[in-house]
Amino acid sequence: MSVQSIHSRKDDTSPLSTSRDESPADIEERLREEKRIRHKVDFRLCTIAGLLCSLNLLDSGIISSASVTSMLNDLGLDQGNRYSVSILIFTVASVCFQLPATLAVRILGPRSFFAIITSSFGLITLCTAFIHTWKDMIVMRVLLGIAMSGIYPGLALLISSWYRRDELQLRFAFLQCGEVIVLATGGIVNFGLNHLDGRGGLRGWQWMYIIQGLTTCLIGISTYWWIVDFPEYSDRSFLFLTKDEARIATARIQSDRGDVVPASFSWPEVFRHFLDPKLYGFAASFFLLNLVSTSLSYFLPIILQSGMGFSTNKAILLSAPPYYYAVIPVIISSRIGDKYRLRGPVITFNSLCLIAGFIMLGFGDQVTLRYIGVYLATGAYVSNWAALNGYQASNITGQWKRSVVAAAITACNGLGGVAGSFIVRQQEAPRYLTAIWVSISSHIFIICIVAAFSIFFYIANSKQKAGKKVIEETNGFRYTY
């Protein structure tokens with residue numbers, strides 16, 4: 001479908017209107033066709049997006065599993081805070097490149113962009129198997145951070161471009177499901193690969209990097225044909241939508257928020273979006289969320305080994321089930337959020353569940369109770385990742401604004417990872433009280449941010465309904481909270 005044809009219709013219809021000339025039968029047929037196309041987009045986009053999104057957690061899965069093997073001693077990472085620094089430096093490199101990487105998704109196109117960075121990530125992961133010192137690890141972690149900088153914000157931008165606002169949270173849940181399933185499966189795979197210790201003159205942790213690095217390279221090559229372009233350029237995608245299907249797909253997004261086609265690129269257009277205070281509230285929420293995500297994903301095997309007394313292999317294996325469980329609450333909460341157009345209440349409920357989980361993990365006396373707390377906390381933060389993404393994407397319009405917000409929240413998500421990499425202190429085993437209290441406090445702050453947004457959105461919607469305000473420079477647009 002041509003960009004010009006979309007532009008020509010952009011002013012004909014208000015963003016939230018539907019045709020008044022349609023009969024009930026026409027409306028039913030249109031909705032049925034839209035549903036079929038939406039499922040087609042789900043199959044092509046959400047599958048590969050979930051797989052690509054998992055690569056960031058694949059890295060944390062490998063290094064966290066390897067941290068309870070001989071890797072720390074082999075590379076000298078067991079001295080001082082070198083292991084924490086190796087995690088920190090990945091995040092710093094990623095944060096620094098996030099905004100230009102997100103803009104590059106729009107400029108290069110998703111197919112070329114994601115194929116290049118995924119293949120690069122796989123190659124660097126493969127090479128990590130053959131390093132010899134902790135300094136080599138630091139270099140590889142910097143390169144990994146640069147290669148992965150565009151994955152989260154780029155996928156968030158692409159997903160939010162293809163769906164209506166009342167469909168977004170469930171699609172982000174699909175994204176997160178793919179991520180956590182691969183992470184959990186990676187833990188089981190790492191359990192098996194660690195048994196190859198000594199084969200071919202390589203340690204178990206080296207086999208983890210070799211096998212998963214090669215797998216990622218293959219995924220990167222297939223990504224070029226698998227992933228789809230933005231809606232207005234869907235005809236560039238390999239064996240995807242027909243011209244009529246592309247027209248319907250773009251029309252439904254245009255009717256929802258009127259931003260299918262981006263404005264011409266300019267740096268003033270990009271930077272003016274940093275003046276929107278909503279951006280900082282969304283970014284702060286992701287910072288607070290990733291304090292927990294990083295501490296659990298990178299340090300869970302260590303917590304299970306040092307904090308709960310499990311052996312090395314059992315610690316690796318028991319890291320997987322909480323992530324499989326997380327699929328259940330993220331799908332249920334996201335379906336509720338989209339169906340009833342609820343964002344704030346879902347985020348608040350998930351935050352309360354996480355607080356309860358960390359109370360069990362930090363203050364329970366029985367190992368079983370503490371392990372159940374891990375399930376509850378993991379399910380809650382995974383669910384909130386989808387909920388917060390649906391929250392921010394439902395309340396902004398404009399493609400360049402989406403790019404800026406996606407980059408900003410992912411950068412702050414990464415900065416939360418920097419802080420999260422230092423809150424799990426080995427000397428505090430088995431309780432890890434610093435991590436417990438920081439995680440609980442972070443989600444109390446998330447609840448406060450959501451409450452403040454809810455008041456702001458309610459007032460803005462009331463003014464819009466009375467005809468006193470135009471929200472997000474879009475006629476008919478209303479906040480979802």
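User: In this predicted model, which residue meets Asp276 in a salt bridge through its side chain?

Analyst: The contact runs from N to O at 2.7 Å, under the 4 Å limit that defines a salt bridge. The partner of Asp276 is Lys278.

User: Is Lys278 buried or exposed?

Analyst: Buried requires a relative accessible area under 20%. Lys278 has a relative accessible area of 4%, and its partner Asp276 has 12% and is buried. Lys278 is therefore buried.

User: Which residues are joined into one network by salt bridges that share partners?

Analyst: The network arises where salt bridges have partners in common. Its members are Arg164, Arg165, Asp166, Asp256 and Arg257.

User: How many residues apart are Glu167 and Arg252?

Analyst: Their side chains form a salt bridge at 2.3 Å, N to O. The pair links distant parts of the chain, with Glu167 in the loop between helix H8 (151-162) and helix H9 (168-193), and Arg252 in helix H11 (residues 243-257). Both residues are buried. Their separation along the chain is 85 residues.

User: Why are Arg36 and Glu33 separated by about one helical turn?

Analyst: The side chains of Arg36 and Glu33 meet in a salt bridge at 2.6 Å, N to O. Both residues lie in helix H2 (residues 24-66). The separation is about one helical turn because, within that helix, Arg36 and Glu33 are 3 residues apart.

User: What is the relative accessibility of Glu33?

Analyst: Partly exposed covers the range between the 20% and 50% cut-offs. Arg36 counts as partly exposed at 38%. Glu33 also counts as partly exposed, and its relative accessibility is 22%.

Technical notes. Residues numbered from 1 in each chain as written. Predicted model: local features only at pLDDT ≥ 70, side-chain atom pairs only at ≥ 80, totals over all residues. Heavy atoms only, no water. Helix = DSSP H or I, 4+ residues; strand = E, 2+ residues; numbered from the N terminus. Buried < 20%, exposed > 50% of the residue type's maximum accessible area, 1.4 Å probe, protein only.
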